[in-house]
Amino acid sequence: MSTFSAPRGTYDLIPPDSADFLAVREGIAAPLRRAGYGYVETPGFEQAELFFRGVGESTDIVTKEMYTLTTRGGDELALRPEGTASVLRAALQANLHRGALPVKLWYSGSYYRYERPQAGRYRHFSQVGAEALGAEDPALDAELIVLAADAYRSLGLRGFRLLLNSLGDKECRPVYRAVLQDYLRGLDLDEETRARIEINPLRVLDDKREHVRKQLAGAPVMSDHLCEGCKGYHEQVRELLVAAGITFEDDATLVRGLDYYTRTTFEFVHDGLGSQSAVGGGGRYDGLSEMIGGPPLPSVGWALGVDRTVLALRAEGVRPAPAAPPLVYAVPLGEEARRTLFGLVTQLRRDGVAADFAYGGKGVKGAMKAAHRSGARYAVVLGERDLAQGVAQLKDLQSGEQRPVGLEALAGELTGRRE
Ligand code: AMP
């Protein structure tokens, strides 16, 4: 072991497990590409102010969990704690909102939150996200939800549930907020929670502590206070989801940890994950663009946690990326054999055959052991006598059967055996 280890709350992705992460990222991205989402990549850090304004100054993410830094030049930056504010910032900067709408984008990357590390909760984690900017259309909300659900299904995940809610808009939300505040002020709550009632009362509904939960049982819910516009919109989203065969649960307490959501809000949860059950979530954020200094741009999006999706798949015993061993493992005995087999391996790879090679000057015993360990189906062994006869020994590592094959015919023969 070296003197160093990965910082607390972070992890390294190491083979073979890392293959599952790649497969999950790819599995989430594939349905997005088919639905016309273009790839976007933004910097790992932004001006801290973007998140103060975009995520919300009363959220845990901004007040407690953001990694902020001052550069030598005096800029206040923050490692990105989430993707939406950055993607919207980038789209506005590139003037995408002046072109055809909606602008549909997807992304994949690392995010940073100074959280208390535990299983499924890291300080550095990985998300794939999607955002559809500049259209107020229930079909767009439904599209994104369907794409997320289809992504999970295509990966083999079964035990996830979709929770759905509407948070209203700038017309009905303030009315509900005041009603909720009145109710919450009458409860027996600690200082910090009382302060939250005044800044962001909806977040109090998200409190997971038992004594708080009990008192919240009779709290007024947004769904009883939606204006006609929001009610109609939400009903359409629900109908489109039903028509697409997506099962969901209406959850009046679903508020999520970011301030920018309006109307449609949703979360995917998995029951095999313990307390960190959210595998993904998102919603509509019609006011966010204006909050960061842009024009009105009603939008909707989600982010799915790659780490937790991997954990959820493991909890269900699903391997998204079964090990892909090489077809061929080359074992050269001697210098000239080494040159010949190196050429064979190169050619096989160029022809699309997965092949590996006994590097490091191993003896025949060590090399054969490495061939077995690699999981390859065939070993090609080339000794001096073989070379003199213009053949190599082709060994089937499953049956143990071995026979000489002419060097000229070898590549063609192996390419033909590709599964
Ligand atoms: P959020 O932006 O908080 O809604 O996060 C979206 C998704 O990212 C969540 O549903 C989780 O799957 C994942 N996620 C958020 N925070 C973390 C974290 N600290 N560690 C691992 N995954 C996370």
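A biologist and a modeller discuss how terms are applied to the structure above.

Biologist: What kind of model is this, and how are its residues numbered?
Modeller: This is a predicted model, in which local features need pLDDT of at least 70, side-chain atom pairs count only at pLDDT 80 or more, and totals for chains, interfaces and linings use all residues. Residues are numbered from 1 along each chain as its sequence is written, and side-chain values use heavy atoms, with hydrogens and water left out.

Biologist: What makes a residue part of the shell around the ligand?
Modeller: A residue is near a molecule or strand if one of its heavy atoms lies within 4 Å of it. The ligand has 14 residues around it, and Arg 113, Glu 115, Tyr 122, Gln 127 and Arg 256 come nearest. By class the shell divides into 5 nonpolar, 4 polar and 5 charged residues; Ala, Val, Leu, Ile, Met, Phe, Trp, Tyr, Cys and Pro count as nonpolar, Asp, Glu, Lys and Arg as charged, and the others, Gly among them, as polar.

Biologist: Why is the approach of Tyr 122 to the ligand called a polar contact?
Modeller: A polar contact is a pair of N or O atoms within 3.5 Å; within protein, one must be able to donate a hydrogen and the other to accept it, and residues adjacent in sequence count only if both atoms are side-chain atoms. A backbone N or O atom of Tyr 122 is 2.8 Å from a nitrogen atom of the ligand, so the pair meets the 3.5 Å limit. Polar backbone atoms of Ala 278 and Gly 280 also approach ligand oxygen, at 2.9 Å and 3.1 Å respectively. The ligand alone exposes 480 Å², of which the protein buries 93%; accessible areas come from the Shrake-Rupley method with a 1.4 Å probe, and for residues only the protein chains shown count as cover.

Biologist: Which strands each supply at least two residues of that shell?
Modeller: They are S6 (124-133), S10 (278-284) and S11 (299-305), and S10 gives the most, with 3 residues. Strands (E, at least two residues) and helices (H or I, at least four) are DSSP runs, numbered from the N terminus.

Biologist: How do you know that S11 pairs with S6 and with S10?
Modeller: Two strands pair if DSSP finds at least two bridges between them. S6 and S11 have 7 bridges, in the antiparallel sense, and Ala 130 has Trp 302 as its partner in S11. S10 and S11 have 5, also antiparallel, with Leu 304 as the S11 partner of Gly 280.

Biologist: Why is S11 described as largely enclosed?
Modeller: Buried means under 20% relative accessible area, exposed over 50%, and partly exposed in between (1.4 Å probe, protein chains only). In S11, 7 of the 7 residues are buried, so the rest of the structure largely encloses the strand.

Biologist: What makes Lys 104 and Glu 143 a salt bridge?
Modeller: A salt bridge is a side-chain nitrogen of Lys or Arg within 4 Å of a carboxyl oxygen of Asp or Glu. The N to O distance for Lys 104 and Glu 143 is 2.9 Å. Lys 104 belongs to strand S5 (residues 103-112) and Glu 143 to helix H5 (residues 138-155), so the pair ties together parts that are 39 residues apart in sequence. At 19% relative accessible area Lys 104 is buried, whereas Glu 143, at 25%, is partly exposed.
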